[in-house]
Amino acid sequence: MTTDIFSQLNDSQAQAVRDITGPSLVIAGAGSGKTRVLTYKIAYLIEQGMKPGNILALTFTNKAAREMQSRIEQLLPGRHTHYLWMGTFHHICSRILRVEAQNMGYTRDFTIYDTDDTKNLLKRIVKDLKLDDKLYKASTLYNRISAAKNALISPRKYSTDHDITQRDQQARLYRMAEIYAEYNKRLKASNAMDFDDLLYNTNVLLRDFPDILRKYQEIFQFILVDEYQDTNFSQYLIVRKLAELHHRICVVGDDAQSIYSFRGANIYNILNFQQQYPESKLYKLEQNYRSTQNIVSAANSLISHNKNQIPKQVYSMGNDGEVLHILKADTDTEEAELTARNIVKLQRRDINLENIAMLYRTNAQSRVLEQVLRKYNIPYRVYGGHSFYQRREIKDALAYMRLLVNNRDEESLTRIINVPARGIGPTTVNKILLAARQYDVPAWHVLLNPMQYHLDVNAGTHKKLAAFTQLINNAIEDMRTNDAYNVAKNILEHSGLMADAAADDTPEGISRHENLQELLTGIHEFEEQQRQINDEQTILLSDFLSTVALQTDQDDKEDDQSEKVTMMTIHAAKGLEYDVIFVLGLEEGLFPSDMSQSEDDVEEERRLFYVAITRAKKYCYLGFAAQRFRNGKTTFCVPSRFLSEIDDKYIDKPQHLFRKQSFTRQYSGRYDYDFEDELDTWNNIGDSHSPFPSQTSTTYTPATRQINKTPVGSAYVKGNRQQAQSSFTAGMRVCHAVFGKGTITDIYTENDNVKIEIMFDEGGKKTMLEKFARLTVE
């Protein structure tokens, strides 16, 4: 059997598998077969006489544990491999705590609370303490308590820590420590632990009960840890304590793929492993079995710019393959169009849709991508999350809009009557619905005339219902005279949905706010597109809702088993692979994120890009847009610095973009230049005149710039019109897909948008936005 094991390993893998005498660090490059090394090392340990019950193998997903367990059973049938201690950190800790529960004051049948259970309990505590639930949001409390537990900070330590107390006071969470203590007290009273408790209480157990620590140290004669770069402090300490007796530990991971610091992961756990275990041996798995050489080389050249890393030179035994392709677009919509067209071309090359993935930095980017894929009839699935229009905050926003258009819509009414929270609880809602049933009228009529329908609620509730009714009535009046975009924008603001998301500084809250802004962007673009088709200046909200309803209805009827393009964030893509990868939105402020303020932050963003590229097996496309409509206005964008860091040999940067020009403009916080200057930034990436900070910089200022409304060299201004910088000129003959041929009569900029007036041969005079017109020169 030993011969069979090593015949299936390369030299580096075999060396890592054979080392079973002491600590070892296996740095596994992307696609280098780390799971095979872990699996075969466990099999080798058993072959060398170690009992399966003395081996601890820690993974980060249940799927990985199941796959490894299954493979080991195939390699060693009949060797009692089911006795292996194999699973996620939480699974193994739960198993230990079930046995030792009485030492911690629990019974062995304690309940494990999930995130929803935790948040509901926190809501009850806030209510019982008579605190403002708009300030003491369950998600905020949950994240603070989770971070504390993963840092092994007890409620008592939390209340006495000056820095923590100061941070909470700045956030006006003056009673945060009290909530944390009360939360833990109620968990204990309910014989329950949350997910973080599984790690926290295991650490307490191993700290406070030396005999129990010794027991498990003797049981676990060899410890293996997968994805070690993703461990947090609590996980690191558990592993360290359990390995103290035998020092037989093997950790496997890739520092270049450490991308979860927002969850508490600490890259220095893997970077400092050799310092913690001076006798440890280092093995590097550098042969990539996934990607072509050009993809691997491009990723190598990118990650070489990081300072905090364990150097390695990954290589592929496959063919060179194609270089990475650049998709340069003027707008995010055009970026999506270019992506869709390339997908169609790939299909003609017999690439199946299921082998194609579109990756992006933030969930909000999926909206325009989904819209364009529908246009091209390309089926897709959103991996690791809901489709844009199925996300909770989007469904809430659309429910408000649907209620304005059709106030008989009971589902929409009941969904948002207390969203954001306004003190109208389930009991009141049930009374409203009961009255509507008794009098056979819509629930909205009961709200309009609560006394007429004998709604049995107190004066305070009557006041809240009246305020909600007034909110909706005002929005209905607004809808009579305003267009879809402004009606939607006003209801999101006046209802409190936008403010509620903006006030939540957790990653979830930031994502909610971005998604709501993206919804408004979609409505704005819908209006502009509709105005190009007809001359109506006011586009109704009902028109947009009808379009959305048709789209989502079609999605619901799709066969989930059919071939589909996969869409996901890069974080969700880790561990996956596809023949074709599109990485989109490669612009400063988006990727790297504008929240990346320190050098460590930027290095993690670079690692994230490395992960994105190395998902590709055969083809990799990198997209960016020169402008995006974000947060209610057009934002001009600079291509991501990361594009300049990829060696020119491995990327097809368009040659016409390399006009050598001097780059002497001084950046002092105010930017007074037109769009051509933005393109010059791409032209000069990699020059000594690059505007990006050097790698020695410890701070980073986002390079996305708000363009001065008056273009450089503007010759005239008519009202709020300004001369436009455009590739088109007055008098030029052009062709439009809908209206046919015509002559350009005027070009100007209005409200930051370039508009073109065209006299069509058959359709008369039309005014269009250049970015949506898609004109071709005749």
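This is a short walk through a predicted model of a protein, going from the overall make-up to the cores and then to three local sites.

Let me begin with the whole chain, in which 54% of the 778 residues are buried, and whose secondary structure comes to 32 helices and 25 strands. If we take the contacts between residues at least 6 apart in sequence, 74% of them join residues at least 24 apart.

Turning to the interior, the largest nonpolar core has 52 residues, and the members that touch the most others are Leu-398, Met-401, Phe-468, Leu-519 and Phe-544. Helix 19, which spans residues 392–405, gives this core its largest share, namely eight residues. To look at one of those central members, Phe-544 touches Tyr-389, Leu-398, Leu-519, Gly-522, Ile-523 and Phe-526, once residues up to four places away in sequence are set aside. There is also a second core, separate from that one, with 42 residues, including Ile-27, Leu-56, Phe-89 and Leu-205.

Now to helix 2, residues 11–18, where the buried residues are Gln-13, Ala-14, Ala-16 and Val-17. How are they placed around the axis of helix 2? They lie on the same side, because the arc they cover is only 165°. As general background, an α-helix has 3.6 residues a turn, so residues three or four places apart point the same way. At the start of helix 2, we also find a side-chain oxygen of Asn-10 within 3.1 Å of the backbone nitrogen of Ser-12.

The next site is Asp-478, which belongs to helix 23, residues 459–481. Asp-478 is buried and yet has no salt bridge, and the nearest side chain of opposite charge, that of Lys-489, is 9.9 Å away. As for what does surround it, Asp-478 is in contact with Asn-486, Val-487 and Asn-490, leaving aside its neighbours within four places in sequence.

My last site is Tyr-439, in helix 21, which runs over residues 426–439. Is Tyr-439 buried, partly exposed or exposed? With a relative accessible area of 36%, Tyr-439 counts as partly exposed, because that value falls between the 20% below which a residue is buried and the 50% above which it is exposed. Beyond residues up to four places away in sequence, Tyr-439 touches Tyr-453 and His-454. Tyr-439 and Tyr-453 are 14 residues apart in sequence, while their C-alpha atoms are 7.3 Å apart in space.

Notes:
Residues are numbered from 1 along each chain as its sequence is written. This is a predicted model: local features need pLDDT of at least 70, side-chain atom pairs count only at pLDDT 80 or more; totals for chains, interfaces and linings use all residues. Side-chain values use heavy atoms; hydrogens and water are left out. Helices (H or I, at least four residues) and strands (E, at least two) are DSSP runs, numbered from the N terminus. Buried means under 20% relative accessible area, exposed over 50%, partly exposed in between (1.4 Å probe, protein chains only). Lys and Arg count as positive and Asp and Glu as negative; His and the chain ends are not counted. A salt bridge is a side-chain nitrogen of Lys or Arg within 4 Å of a carboxyl oxygen of Asp or Glu. Contact means heavy atoms within 4.5 Å. A nonpolar core is a set of buried Ala, Val, Leu, Ile, Met, Phe, Trp, Tyr and Cys residues joined through side-chain atoms within 4.5 Å. The arc is that of the directions from the helix axis to the C-beta atoms. A polar contact is a pair of N or O atoms within 3.5 Å; within protein, one must be able to donate a hydrogen and the other to accept it, and residues adjacent in sequence count only if both atoms are side-chain atoms.
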